[in-house]
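Subject: Structure handover

Dear colleague,

I am passing on to you the structure we talked about, so that you can look it over before you work with it. My notes on what was found follow directly after it.

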Amino acid sequence: MKFIVFILCIAISTQSFAQDDLLQSLESSTDVSKQTSILSTFKSYKLINFETTKLVPKQHLDFIIAHRFGTVKNGIDDLFGLDQASTRIQFIYGLTKAINISFSRSKFGKTYDLATKYRLKAQQKNGFPFSVVGYNLIAIDTELDKELSVLPKLEFENRLRYANQLIVSHKFSSKLSLEVIPTFFYDGLVRNPKQDNAQFAIGMGGKYQLTKRFGIIMDYGAHLNRASNSRFRDPLSIGVEIETGGHVFQLHFSNAQGMFENAFLANATGDWSDGDFFFGFNLHRDFNFSRKSKK
């Protein structure tokens, strides 16, 4: 059933809409073609933890290095978390103007994941008010090998993680963009017997552009069916975003150290009220493979 849901979500990714390249989209709020689609709602493909409605252009490759240090709560003992870190490396390729595919590897659970992201509808000036994008992820936790003696009945399906999201955004002005992300995700293995494998969440977040190249970013995920005895918390992150042409650099604080959907939605351990949160950054670099060499 889980595979059927995943495949059905991918199957609707056959629509095609116009997409500016990275630098053009950072400078313009509307498509320069005859369409009035607004495709530059966000400057980056991720807010902090959550995906945005921005897609990598066709035949472009975006390379993201996401780094989350340890908790700052311990202070100078581990240099405010710098001695402990979690990393995610992600490659996103623009397969068409409306479809992205990606591959990632995270330190959290030594997890590998494949994902697809596709535009269903673009916000239009004086027209449709929202951009709507689908996102589907399948991941495998390879760290569970170490626990075979503790979990002798562990099967392959217990290693799998799924996430399905509908990302809906609106660009209110040249400065303010907001989005909401209804999410269904499934963990093949949950430690808490009171926690369902199938879980639901609502993500939300936005960006406020202070200057042409500098903005404030924030996102939050409300877990809708977390077990009452769970020690985990809803992920809340806030930071700044700096655009430098082909690079987008994000500095942030978050109470979640994991950086893919199942990790930060289900396993955020930090408590902002107790000073227990993590410093991190996302670095985006775009590569354009569509340019023909000049003779």
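Let me begin with a single residue: does H67 count as buried or exposed, and at what relative accessibility? The model is a predicted one, and in it H67 has a relative accessibility of 17%, which is under the 20% limit, so that H67 counts as buried. This histidine sits in strand β2, which covers residues 60–71, and its side chain is joined to that of T87 by a polar contact of 2.9 Å. With residues up to four places away in sequence set aside, H67 touches A85, S86 and T87, and also M259, F279, G280 and F281.

As to the chain as a whole, three helices and 14 strands are found in the protein chain, and buried residues account for 50% of its 295 residues. If one takes the contacts between residues at least 6 apart in sequence, 59% of them join residues that are at least 24 apart. The accessible surface of the protein chain comes to about 14,100 Å², and carbon and sulfur atoms hold 62% of this area.

Turning to the interior, the largest nonpolar core has 17 residues, and the members that touch the most other members are F50, Y135, L137, I167, F185, F264 and L265. At least two residues of this core come from each of β7 (131–141), β8 (160–171), β9 (176–187) and α3 (261–266), and β7 gives the most, with four residues. F185, one of the core members named above, is in contact with Y162, A163, N197, A198, Q199, F200, A201, H223, N262, L265 and A266, once its neighbours within four places in sequence are left aside. Another core, of five residues, lies apart from this one, and I99, Y118, V132 and V168 are among its members. In soluble globular proteins, nonpolar side chains tend to be buried together.

There is also a nonpolar patch on the surface, formed by Y208, L210, F214, I216, M218, I238 and F253, which together have about 570 Å² of accessible area. Strand β11, residues 214–223, gives the most to this patch, with three residues. M218, which has its place in strand β11, counts as partly exposed because its relative accessibility is 41%, a value that falls between the limits of 20% for buried and 50% for exposed.

With best regards

Definitions and conventions:
Residues numbered from 1 in each chain as written. Predicted model: local features only at pLDDT ≥ 70, side-chain atom pairs only at ≥ 80, totals over all residues. Heavy atoms only, no water. Core = buried A, V, L, I, M, F, W, Y, C linked by side-chain atoms within 4.5 Å. Buried < 20%, exposed > 50% of the residue type's maximum accessible area, 1.4 Å probe, protein only. Contact = heavy atoms within 4.5 Å. Polar contact = N/O pair within 3.5 Å; in protein donor to acceptor, adjacent residues only side chain to side chain. Areas by Shrake-Rupley, 256 points an atom, 1.4 Å probe, with all protein chains shown as cover. Patch = residues over 30% accessible without salt bridge, like charges linked within 9 Å, V, L, I, M, F, W, Y side chains within 5 Å. Salt bridge = Lys/Arg side-chain N within 4 Å of Asp/Glu carboxyl O.
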